[in-house]
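Please load the model in your viewer and keep the selection panel within reach, as the stops below are meant to be followed in order.

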Amino acid sequence: TFTDLGATNAAGITGAQLAFDATGLAEITSATVNLPQPQGAQSITASAATLTPVVGVDNGITLTVKNSLGDTDTLFTGTKEVTVSGYDVAPDGTYGSLGSTALVASPSKINVDFVEGVAQVDLKLNKAGAQAVVFSQAGVATPAATALNIAPVAGSTATMKLTTGVSAPQVLGDTDTLFTGTKEVTVSGYDVAPDGTYGSLGSTALAASPSKINVDFVEGVAQVDLKLNKAGAQAVMFSQAGVTSPAAMALNIAPVAGSTATMKLTTGVSAPQAN
């Protein structure tokens with residue numbers, strides 16, 4: 001006599017019959033039974049294209065929702081709110097992004113599209129070093145996936161050089177075309193004019209040195225106007241905290257009344273060549 005026999009099935013079935021057979025015994029067929037479908041959205045897993053991505057570069061993340069059989073839950077479809085936590089802040093005060101949405105101080109809640117139990121989305125982390133990133137979705141029975149131990153590396157952004165129309169730049173390395181976005185640049189070394197003003201970088205007025213001003217980089221290059229209100233020699237320095245060697249060589253600028261120097265900021269990947 002057998003009691004409490006059961007069966008699992010990948011899909012719900014109404015009016016099923018179970019057949020039992022054994023060597024030397026006639027096959028036995030059960031009465032008609034209904035087999036329920038597996039319970040959906042029981043767990044979620046996360047995987048990354050790489051655990052050592054370059055800082056500030058997209059890294060493919062795959063989120064998979066499983067049913068009670070441990071199979072991908074193909075009924076889990078639609079835009080779902082995913083909570084991301086465990087990432088750190090970069091020196092420039094940013095965190096990165098998930099898909100097209102910027103991360104804020106951990107945790108961040110961001111909508112992600114699932115199709116038949118799977119979501120694929122790019123994660124960008126702006127802070128170098130180990131971070132235990134956790135993804136969770138409140139509609140899943142066990143909502144948090146196992147942490148991904150991601151350790152972004154600084155990549156090719158090693159030095160910053162400045163070029164101006166005043167003189168030809170020294171070659172410091174190849175332009176880092178992956179260095180893109182709005183970055184905080186620190187400007188220092190300029191002097192105050194007789195009227196108490198300093199000048200401007202782009203559309204932002206300079207304050208007493210140093211000034212921290214956001215500048216847009218595109219493929220490793222930023223072009224921005226510098227206006228100095230004080231005449232005479234000034235050793236102007238530009239630096240960007242996200243660069244391994246953040247400070248460029250000082251520009252010895254000696255403005256005359258009404259002049260505006262256009263600055264071009266580029267990033268490089270190797271140490272300066274010896275003069």
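Start by selecting strand E8 (96-98) and strand E15 (181-188) in this predicted model, since each of these strands supplies at least two residues of the lining of the largest pocket. Of the two, E15 deserves the closer look, as E15 gives the most to that lining, with three residues. Next, display Val55, Gly56, Asn126, Phe179 and Lys183, which lie nearest the centre of the pocket among the 30 residues that line it. The volume of this largest pocket is about 570 Å³, and if you colour its lining by residue class you should find 11 nonpolar, 14 polar and five charged residues.

**From the pocket to the sheet around E15**

Keep E15 selected and add its companions in the open sheet of four strands, whose order is E18-E15-E20-E21 and whose pairing is antiparallel. Strand E18 (211-217) and strand E21 (251-253) are at the edges with a single partner strand each, so one side of each has no neighbour in the sheet. Viewed across the sheet, neighbouring strands are turned by 35° against each other on average, with direction ignored. To inspect one pairing in detail, select strand E20 (residues 234-240) together with E21, which are joined in the antiparallel sense over three bridges; a good residue to centre on is Gln234, whose bridge partner in E21 is Ile253.

**Strands E16 and E19**

Now select strand E19 (residues 221-228) and show its side chains, because the two faces of a strand can be told apart here by burial: the covered face carries Ala222, Val224, Leu226 and Leu228, while Val221, Gln223, Asp225 and Lys227 make up the uncovered one. Adding strand E16 (residues 199-201) brings in a partner of E19, with three bridges in the antiparallel sense. Leu226, already met on the covered face of E19, is the bridge partner of Leu201.

**A second open sheet**

Move on to another open sheet of four strands, this one in the order E10-E7-E12-E13 and again with antiparallel pairing. Its edge strands are strand E10 (108-114) and strand E13 (148-150), each of which pairs on one side only. From one strand to the next, the twist averages 35°. Within this sheet, strand E7 (residues 78-85) and E10 are paired in the antiparallel sense over seven bridges, and Gly78 has Phe114 as its bridge partner in E10.

**Into the nonpolar core**

Phe114 is also a convenient way into the largest nonpolar core, where, of 26 residues, Leu63, Leu98, Leu103, Phe114, Leu123 and Phe135 touch the most other members. Select next the elements that give two or more residues to this core, namely strand E5 (43-48), strand E6 (59-66), E7, E10, strand E11 (118-125), strand E12 (131-137) and E13. Which of these elements gives the most to the core? That element is E11, with four residues.

To finish, isolate E5, E6 and E11 and follow the pairing through E6. E5 and E6 pair in the antiparallel sense over six bridges, and E6 and E11 likewise pair in the antiparallel sense over six bridges. Thr64 is the residue to centre on, for Thr45 stands opposite Thr64 in E6, and Thr64 in turn stands opposite Val118 in E11.

Key
Residues numbered from 1 in each chain as written. Predicted model: local features only at pLDDT ≥ 70, side-chain atom pairs only at ≥ 80, totals over all residues. Heavy atoms only, no water. 1 Å grid on protein atoms, 1.4 Å probe; cavity = no way out; pocket = protein on both sides within 12 Å on 5 of 7 lines; lining within 4 Å. Points joined across faces, edges and corners; volume = space filled by probe spheres on them. Nonpolar A, V, L, I, M, F, W, Y, C, P; charged D, E, K, R; others polar. Pairing = 2+ DSSP bridges. Axes fitted to C-alpha atoms, helices over the stretch in contact; angles between N-to-C directions. Buried < 20%, exposed > 50% of the residue type's maximum accessible area, 1.4 Å probe, protein only. Core = buried A, V, L, I, M, F, W, Y, C linked by side-chain atoms within 4.5 Å.
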